[in-house]
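Work through the exercises below with the sequence and the structure at hand. Each task is followed by a solution in steps.

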Amino acid sequence: METRNMLNKSGDAKFPFYLPQDFFLENAKTKRDDVLPEILFLTTFPPRQCGIATYSEDLIKAMEKQFVYSFDLKVCALETDKEQHTYKSKKVKFVLNTSSDDSYDQLVQNINTDDNIKIVLLQHEFGLFTDNVQGFNKFLTQIKKPVVVVFHTVLPRPDEVFKANVQHILDSVDGIIVMTDDASEILTRDYVVNQEKISVIAHGTHLVKHIDKNVLKKKYNIGDRTVLSTFGLLSSGKSIETTLEALPTIVKTSPDVLFLIIGKTHPTVVLNEGEQYRESLEQKIKELNLSKHVRFVNEYLPLDQLLEYLQLTDIYLFTSKDPNQAVSGTFSYALSCGCPVVSTPIPHAKEFLSNNAGLIFDFGNSAQLADAVNRLIFDVELRHEMVSNGLHKITGTAWENSAVKHAKFLQKISNDQIELHYRNPKINLDHIKKMTTNFGMLQFSKLNQPDINSGYTIDDNARAMIALCQHYKFKNDVSDLKYIGIYLNYIAFCERRDNLFVNYVDMNFNFTDQNKNENLEDSTGRTLWALGYVISLSNILPVELTQKAREIFDRGISNAQRIHSPRSMAFMIKGLYYYNRGAKNEDNVTIASMLANRLVKLYRHEASPEWNWFEGYLTYANSVLPESLLCAFAMTGNEVYKDIAKKSFDFLISKTFCDDGIKVISNRSWLMKGGVCEEYGEQPIDIAYTVITLRKFHDIFKDRKYLVKMEMAFNWFLGNNHLQQIIYNPCTGGCFDGLEEHNVNLNQGAESTVSYLMARMMIDKYFGHENEVYHRRKTRSYRDKMTVN
């Protein structure tokens, strides 16, 4: 592959960084050991079976999945004299016997003398360090690297001895992570700690696709029974007997109920007590005559199987009797699988089940538990409401989001010794295909389930046609052709000869009244853009597709003279630009000039030294306006178009980019000239249009800043936004519909999902393929010092 990224005399790149992928991979392999900063996890770790081991493994996987060429994650596995393991994972760099002074001394020496270790992340549970508290405290004071402690339990109202031990930890570390607001409040109220030292990062959970319950119940031989479940490593603290004592009351009204107790006995419990607790439960089941209503799944299930058990569950029961248990991973997993939850009032439950997201009952109160379960069994509407509310609360805690929040906090504590580069997820067309019927792409979804009642729009089908054409162009996947054909047929269905294209079609394929009440100019412009893009690929697409697109375009462009909406004109210019790349036509150049001149006139009328824009406000799809002028310049060579395109786009960038990210114009209230725009209300489509425009500006101007901002903008989808939450859902292949002030809109409609794919394909073209070491901060020394022969 010919290298195109020659450097100029100042060391700046003149062209995109089209280095061969092997260069980056080899560079990563040869430099990984001495370049990547190392984060050392002090934690229990598999094959040890405990909640913290699972938590750390999930967090490490998530951080490596979310970031590339950013850090090297290693583990120091925690053991005791009584419990030791053999570790096969290459992640395990050290082993610490917390019973031994010598082990602590050796570890602190290893940490302090290893220049590659930049930060230590300590997973703390009081039981892990009880064998040698003095040795642990001494160890903390001797570490010369930044230390962050994750408190899995925070105990309120401590006595003086206990408080002194905890205070020593708080004083010795540089950062503190807790998993609930309640835990943060306890630390600041009952201990002495600066609130700025604390970061609240909820216990992570897994995104799931939500498989049909009936399918899963059949798979696991449950039939159509009503399933209650609980899971986790068994110990008396789970208080499973509370559920068993409630079951007779539940069974009286719902004789089909089956209670699943999922999980083997905790290994430490087996070590100290054997199977005494499980046997006591089995005895109680016999005494209460519940053998037909209780099933033990006595296994430490693999994750995929566990998530399927939770998805087939109708009501999840969390019965822990420890009021000081701050969080539960089991509780989080159940919520993410769409389970309505009935729980004892641990802090985690009180925070996440508020506002009708679940039901709470008192510790050990089986009568209250029975009432809550019966209420949910018979009130289907309430159950569905709780599922929806629970999902909206818990999805923000997905492991992907936990990874982003951990990485950002660790970067801060390390004094920026860690440089973060987001890793692009694999391209996944599942949701786009799921949203597409034989007629076209549906408009909306409820979560990730297509909403047939929402009908269809030409806007969504036009954008989807462009996205699938891009995918076909870069991936040569012949299955794309079916979907391109469906979207093109939808456009043909909406064509009205000598008139604007119709936008809205209902589920029964009828044009709706919305078409009479809304301006169809923008929809017509988008449609011509899409048709032009198909025509531009005449050399690779089947002739019947490009010929049909050309015929529809030639008829539709006759509407250009009557179009005056700025965005519609911009979309049309883009369509004309792409048309001419596939089939030269001087009439198209003339039409493009006419439309571009109208945009120039708008700009000259409205622009001022402080406001270089076409209108007296910034609204939606803003970047399309300067991009279209750049397309007109490429067609005509008219320098006026180029000059105004640059001035207007640089102005837009100044309003939407900050030092490390993007904030597009809020759809709550547009930015008026001389006014202030509200924050939040950011939509994926505006991010996508910005990425596409940045690509075009880099093509023309060869200015590295556009490439840098292109990466920054795309990372908005991956968690580089004010909530530090992913907008693209890698589990489903869908994209969430919007970023609000406190939450993400979890519906995954056509507009957002297609917008993500369009942006993704631009990133793929410029920075390489998914899961490769491909994108670097262009302003950092690694790239600036790179030389190419």
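**Exercise 1. Strand pairing**

Determine how many bridges join strand S4 to strand S5, and in which direction the two strands run.

Solution. The model is a predicted one. Take residues 117–124 for S4 and residues 147–151 for S5. Between these strands there are 5 bridges, and the strands run parallel. As a check on the register, leucine 121 is found opposite valine 148 in S5.

**Exercise 2. The sheet and its helices**

Place S4 and S5 in their sheet, name the edge strands, and find which strands helices H3 and H6 lie across.

Solution. Start with the strand order, which reads S3-S2-S1-S4-S5-S6-S7. This is an open sheet of 7 strands with parallel pairing. Next, look for strands that pair on one side only: these edge strands are S3 (92–97) and S7 (198–200). From one strand to the next, the twist averages 20 degrees.

Then add the helices. H3 (residues 101–113) lies across S1 (38–43), S2 (72–79), S3 and S4. Its direction is at about 150 degrees to S3. H6 (residues 181–190) lies across S6 (175–178) and S7, and runs at about 160 degrees to S7.

**Exercise 3. The faces of H10**

Compare the span of helix H10 with the expected value, then sort its residues into buried and exposed.

Solution. H10 covers residues 276–287, 12 residues in total. From first C-alpha to last it reaches 17 Å, close to the 16 Å expected at 1.5 Å a residue. Tyr277, Arg278, Leu281 and Ile285 are buried in H10. Viewed down the helix axis, the buried residues of H10 fall within an arc of 100 degrees, so they line one face. On the other side of H10, the exposed residues are Gln276, Lys286 and Glu287.

Now ask what covers the buried residues of H10. The cover includes helix H8 (240–253) and strand S10 (294–297). Following H10 is asparagine 289, with a positive phi near 55 degrees.

**Exercise 4. Cysteines**

Count the disulfides in the whole structure and explain why cysteine 50 and cysteine 76 do not bond to each other.

Solution. The search finds 0 disulfides. A disulfide requires sulfur atoms within 2.5 Å. For cysteine 50, the closest cysteine sulfur is that of cysteine 76, 14 Å away and therefore too far for a bond. Starting from cysteine 76, the closest cysteine sulfur is in cysteine 50, again at 14 Å. Finally, consider accessibility: cysteine 50 is buried at 8%, and cysteine 76 is buried at 0%.

Definitions and conventions. Residues numbered from 1 in each chain as written. Predicted model: local features only at pLDDT ≥ 70, side-chain atom pairs only at ≥ 80, totals over all residues. Heavy atoms only, no water. Helix = DSSP H or I, 4+ residues; strand = E, 2+ residues; numbered from the N terminus. Expected span 1.5 Å × (residues − 1). Buried < 20%, exposed > 50% of the residue type's maximum accessible area, 1.4 Å probe, protein only. Arc of directions from axis to C-beta. Contact = heavy atoms within 4.5 Å. Pairing = 2+ DSSP bridges. Axes fitted to C-alpha atoms, helices over the stretch in contact; angles between N-to-C directions.
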